[in-house]
Amino acid sequence: MSEITSKQPIPERYLEQILTNLRRAGVVQSQRGSKGGFVLVREPWQITVLEIVTLVEGERKEKEHSEAPTLERRLVYEIWDQANVASMDVLGRYTLQDLCQEREARLQQSPMYYI
């Protein structure tokens with residue numbers, strides 16, 4: 001956790017909650033000891049970004065619309081429903097391994113030179 005919080009602007013208490021949720025869901029397991037921490041239970045290519053987002057933010061459910069919405073509200077609801085489906089589709093296409101590979105590719109595109 002300390003390694004993550006040193007590299008990312010995530011409060012330690014919030015990260016604790018996230019990792020606890022991921023542990024309960026069987027995505028990570030905790031290890032005690034001097035080399036303790038959290039490790040993935042499955043391979044990175046088996047874990048989608050959608051799975052992680054769902055575990056952190058909760059299930060994305062369709063919102064109930066009022067019985068007699070106006071035409072304008074119905075249009076907005078339809079657009080939000082389409083956006084929700086599209087975002088779940090995109091998040092479901094990427095895995096943790098994809099993110100790591102993309103990160104490495106981008107780091108290599110802009111090497112840092114020291115004089």
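**Notebook: a loop residue, a helix pair and a pocket**

**Entry 1: Thr-95.** I started in the loop between helix H4 (71–93) and helix H5 (96–109), where Thr-95 lies. The model is predicted, so I am reading computed values here. Is Thr-95 buried or exposed? I looked up its relative accessible area and found 11%. Buried means under 20%, so Thr-95 counts as buried.

Next I asked which residues Thr-95 is in contact with, leaving aside its neighbours within four places in sequence. I noted Pro-44, Trp-45, Ile-47, Thr-48 and Val-49.

**Entry 2: the whole chain.** I stepped back to look at the chain. I counted five helices and two strands. Read along the sequence, they follow the pattern α-α-β-β-α-α-α. How much of the chain counts as buried? The figure is 10% of the 115 residues. Thr-95 is one of the buried residues.

I also checked contacts in the chain with a separation of 6 or more. Of these, 48% join residues 24 or more positions apart.

**Entry 3: H2 and H3.** I then turned to a helix pair. Two packed helices are described by the angle between their axes and by the distance between those axes. I looked up both values for helix H2 (residues 12–24) and helix H3 (residues 49–57). The angle is about 115°, and the axes are 9 Å apart. I wrote down the crossing of H2 past H3 as right-handed.

Which residues make the contact? From H2 I listed Tyr-14, Ile-18, Asn-21 and Leu-22. From H3 I listed Ile-52, Leu-55 and Val-56. I sorted the contact by class and got six nonpolar residues, one polar and no charged. Asn counts as polar, so the polar one is Asn-21 of H2.

**Entry 4: the largest pocket.** Last, I looked at the largest pocket. It holds about 1,100 Å³ of space. How many residues line the largest pocket? I noted 23. Nearest its centre lie Ile-4, Gln-8, Leu-15, Leu-19 and Leu-96.

I asked which elements give two or more residues to the lining. They are helix H1 (2–7), H2, strand E2 (37–40) and H5. H5 gives the most, with five residues. H2, from my third entry, turns up again in this lining.

I finished with the classes of the lining residues. They divide into 17 nonpolar, two polar and four charged. The H2 and H3 contact had no charged residues, whereas the pocket lining has four.

Note on methods: Residues are numbered from 1 along each chain as its sequence is written. This is a predicted model: local features need pLDDT of at least 70, side-chain atom pairs count only at pLDDT 80 or more; totals for chains, interfaces and linings use all residues. Side-chain values use heavy atoms; hydrogens and water are left out. Axes are lines fitted to C-alpha atoms, for helices over the stretch in contact, and angles run from 0 to 180 degrees between N-to-C directions. Helices (H or I, at least four residues) and strands (E, at least two) are DSSP runs, numbered from the N terminus. A crossing is left-handed if the near helix is turned anticlockwise from the far one by less than a right angle, and right-handed if clockwise. Contact means heavy atoms within 4.5 Å. Buried means under 20% relative accessible area, exposed over 50%, partly exposed in between (1.4 Å probe, protein chains only). On a 1 Å grid over the protein atoms alone, a cavity is a set of points where a 1.4 Å probe fits but cannot get out, and a pocket is an open set with protein on both sides within 12 Å along at least five of seven lines; lining residues have an atom within 4 Å of a point. Grid points are joined across faces, edges and corners, and a volume is the space filled by probe spheres set on the points.
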